[in-house]
Amino acid sequence: MKERILIVDDQYGIRILLTEVLQKEGYKTLQASNGFEAIDIAKERTPDLVLLDMKIPGMDGIEILKRLKELDATVKVIIMTAYGELDMIQEAKDLGALTHFAKPFDIDEIRQAVKKYIPVNTN
């Protein structure tokens, strides 16, 4: 079974880039453009990892992270932000985020982080 990664970002181009790169690595990807979609998908599909943008209109990344953790306390989350808001990054880590990437990110660094936290099952 392929590991599922939920990509949550309001920017379509970033979702497509991450989807293409991660599918080539052997992961199944799911996409959400806002927090409400992300929560609905997480309820139905139980992702193994979430790549979460912190600045999304409507429901911000901290609120999305809290709700994801309520659904599944063990869900792995990597946050992405274009802003150097250290307090938000720290709060996300306190809530269980594994690590963070600043936008614009290095796609190879994201690929390596994903492999580190959820190795592709080759069976």
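The following legends describe an overall view and five close-up views of a predicted model.

This is a predicted model in which local features need pLDDT of at least 70 and side-chain atom pairs count only at pLDDT 80 or more, whereas totals for chains, interfaces and linings use all residues. Residues are numbered from 1 along each chain as its sequence is written, and side-chain values use heavy atoms, with hydrogens and water left out.

**Figure 1. Overall view of the chain, with 5 helices and 5 strands.** From the N terminus, the order of elements is β-α-β-α-β-α-β-α-β-α; helices (H or I, at least four residues) and strands (E, at least two) are DSSP runs, numbered from the N terminus. The C-alpha atoms occupy a box of roughly 40 × 30 × 25 Å along the principal axes. The radius of gyration of the chain is 13 Å, which agrees with the value near 14 Å for a compact globule of 123 residues; this radius is taken over C-alpha atoms, and the globule rule is 2.2 Å times the number of residues to the power 0.38. Of the 123 residues, 46% are buried (under 20% relative accessible area, with exposed meaning over 50% and partly exposed in between; 1.4 Å probe, protein chains only).

**Figure 2. Close-up of helix α2 (residues 35-45) and its buried residues.** Gly 35, Ala 38, Ile 39, Ile 41 and Ala 42 are the buried residues of α2. Viewed down the helix axis, they fall within an arc of 165° and so line one face of α2; the arc is that of the directions from the helix axis to the C-beta atoms. They pack against β1 (4-8), β2 (28-32) and α3 (61-71), where contact means heavy atoms within 4.5 Å. Phe 36, Lys 43 and Glu 44 are exposed on the other side of α2.

**Figure 3. The two ends of α2, with Asn 34 as N-terminal cap and Thr 46 just after the helix.** A side-chain oxygen of Asn 34 lies 3.0 Å from the backbone nitrogen of Phe 36. Such a polar contact is a pair of N or O atoms within 3.5 Å; within protein, one must be able to donate a hydrogen and the other to accept it, and residues adjacent in sequence count only if both atoms are side-chain atoms. Thr 46 takes a positive phi of about 45°.

**Figure 4. The largest nonpolar core, with 24 residues.** A nonpolar core is a set of buried Ala, Val, Leu, Ile, Met, Phe, Trp, Tyr and Cys residues joined through side-chain atoms within 4.5 Å. Leu 6, Val 8, Val 50, Leu 52 and Ile 64 touch the most other members. Two or more residues each come from β1, β2, α2, β3 (49-53), α3, β4 (76-81) and α4 (86-94). Beyond four places in sequence, the residues touched by Leu 52 include Val 8, Ile 64, Val 77 and Ile 79.

**Figure 5. Close-up of helix α5 and its buried residues.** Ile 110, Arg 111, Ala 113 and Val 114 are buried in α5. Their directions from the axis span an arc of 165°, so they line one face of the helix. These residues pack against β1, α1 (12-24), β3, β4 and β5 (99-102). At the start of α5, a side-chain oxygen of Asp 106 comes within 2.8 Å of the backbone nitrogen of Asp 108.

**Figure 6. Ile 118, in the segment after α5 (107-117).** Ile 118 counts as buried, at 6% relative accessibility. Leaving aside neighbours within four places in sequence, Ile 118 is in contact with Glu 3, Ile 5, Tyr 27, Asp 48, Leu 49 and Lys 76. The C-alpha atoms of Ile 118 and Gly 26 are separated by 11 Å, although these residues are 92 residues apart along the chain.
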